[in-house]
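Here is a short briefing for a first look at this protein. Keep the structure open while you read.

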Amino acid sequence: MPSYEQLREILDPATTVLLTVECQQGVVGTESALPELAEGARSSGVLANVARLVIAAHHSGVQVVHAVAERRPDGRGANHNARLFRAAERLPVQQLSGTRAVRIAPPIEVADEDLVVRRLHGLSPLAGTGVDPLLRNFGCRTLLVTGVSANVAIPNAVFDAVNLGYTAVVPADAIAGVPADYTPAMIRNTLALVATVTSTQDVLGVWKRPPRT
């Protein structure tokens, strides 16, 4: 874990963006298409930690971007080139544009200044979604990645962020995957090699405490 001083420098509110990944009703909500993932995100406190980070970001002047995965009812533009996409087409809850399933799930709050970026294709919140130029326009240097899932979208976001030149930060208790024991192993053996791994409480501590003068 980084020291407080290291984390304070990395997470400067002026150059940090908080990204929530697929924290939507149809994924982590009570009517999820993926009930095991939703239950894990809720029972572990991950969803609550994401909500706490979003509130702190709002209070600290950190830009928040919510990345949502959805599809058109006719499926136009959606991928069909992996088993995951084909399986998603058969799920009882579909992430259809304009429906409750693609709204940000409670208890996460969406402020007027937040951006909600929706993608119709692929696995990554960054690749081909327009998020990268938005981050650059915000003056972002550090991307704080939260949400689901640790199986696919979170590592995609982290790798893409690093490849694009951003410093990626991952609060280990603010991401979830399935099975539950997969997430810490993936963090330890994969994300820790390319991202700064920290905790929700440490991020909150940095944003609450004024810098030393």
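**Arg136 and its contacts**

Arg136 touches Leu164 and Tyr166, leaving out residues up to four places away in sequence. This is a predicted model. Arg136 lies in helix H6, which covers residues 131–137. The points below start from this residue and then move to the rest of the protein.

**More on Arg136**

- Arg136 is partly exposed, with a relative accessible area of 44%. That value falls between the 20% limit for buried and the 50% limit for exposed.
- Arg136 and Ile10 are 126 residues apart along the chain. Their C-alpha atoms are separated by 16 Å.
- Thr16 is 120 residues from Arg136 in sequence. In space the two are 11 Å apart, C-alpha to C-alpha.

**Strand E1: Thr16 and Val21**

- Thr16 sits in strand E1. Thr16 has a relative accessible area of 2%, so it is buried.
- Not counting residues up to four places away in sequence, Thr16 touches Ile10, Leu11, Val62, Gln63, Thr142 and Trp207.
- Val21 is also found in strand E1. Val21 has 0% relative accessibility and therefore counts as buried.
- Val21 is in contact with Ala67, Pro125, Val145, Thr146, Gly147, Val148, Ala153 and Ile154, leaving aside neighbours within four places in sequence.
- Val21 and Val65 are 44 residues apart along the chain. The distance between their C-alpha atoms is 8.7 Å.

**Glu22, in the loop after E1**

- Glu22 is in the loop between strand E1 (16–21) and helix H2 (25–28).
- Glu22 is not a glycine, yet it has a positive phi of about 55 degrees.
- Is Glu22 buried or exposed? Glu22 is buried, with a relative accessible area of 13%. The limit for buried is under 20%, which is why this value qualifies.

**Helix H4**

- Helix H4 runs over residues 46–60 and has 15 residues.
- From its first C-alpha to its last, H4 reaches 21 Å. That is close to the 21 Å expected at 1.5 Å a residue.
- The buried residues in H4 include Val46, Leu47, Asn49, Val50 and Ala51. Leu53, Val54, Ala56, Ala57 and His58 are buried there too.
- An α-helix has 3.6 residues a turn, so residues three or four places apart point the same way.
- Gly61 follows H4 and has a positive phi, near 80 degrees.

**Helix H7**

- In H7, Ala153, Ile154, Pro155, Ala157, Val158, Asp160 and Ala161 are buried.
- What covers these buried residues? The cover includes E1, E4 and strand E5 (167–171). Strand E6 (175–176) and helix H8 (182–189) are also part of it.
- Two of the buried residues of H7, Ala153 and Ile154, are among the contacts of Val21.
- Gly165 comes just after H7 and takes a positive phi of about 100 degrees.

**Cis peptide bonds**

- Pro106 and Pro107 are joined by a cis peptide bond, with omega about 5 degrees.
- Pro107 is placed in the loop between helix H5 (83–88) and strand E3 (115–119).
- Val148 and Ser149 are also joined by a cis peptide bond, with omega about -5 degrees.
- Ser149 is in the loop between strand E4 (142–148) and helix H7 (153–163).
- Val148, from that second bond, is one of the residues in contact with Val21.

**The whole protein**

- The protein has nine helices and seven strands.
- Why does the radius of gyration agree with a compact globule? For 213 residues, such a globule would have a value near 17 Å, and the protein has 16 Å.
- The C-alpha trace spans about 55 × 35 × 30 Å along its principal axes.
- Buried residues make up 49% of the 213 residues.
- Of the contacts with a separation of 6 or more, 80% are between residues 24 or more positions apart.
- The accessible surface comes to about 10200 Å². Carbon and sulfur atoms account for 53% of that surface.
- The protein has 19 positive and 19 negative charges. The mean positions of the two sets are 3 Å apart.

Conventions. Residues numbered from 1 in each chain as written. Predicted model: local features only at pLDDT ≥ 70, side-chain atom pairs only at ≥ 80, totals over all residues. Heavy atoms only, no water. Helix = DSSP H or I, 4+ residues; strand = E, 2+ residues; numbered from the N terminus. Rg over C-alpha atoms; globule rule 2.2 N^0.38 Å. Buried < 20%, exposed > 50% of the residue type's maximum accessible area, 1.4 Å probe, protein only. Contact = heavy atoms within 4.5 Å. Areas by Shrake-Rupley, 256 points an atom, 1.4 Å probe, with all protein chains shown as cover. Lys, Arg positive; Asp, Glu negative; His and termini not counted. Charge placed at Lys NZ, Arg CZ, Asp CG, Glu CD. Expected span 1.5 Å × (residues − 1).
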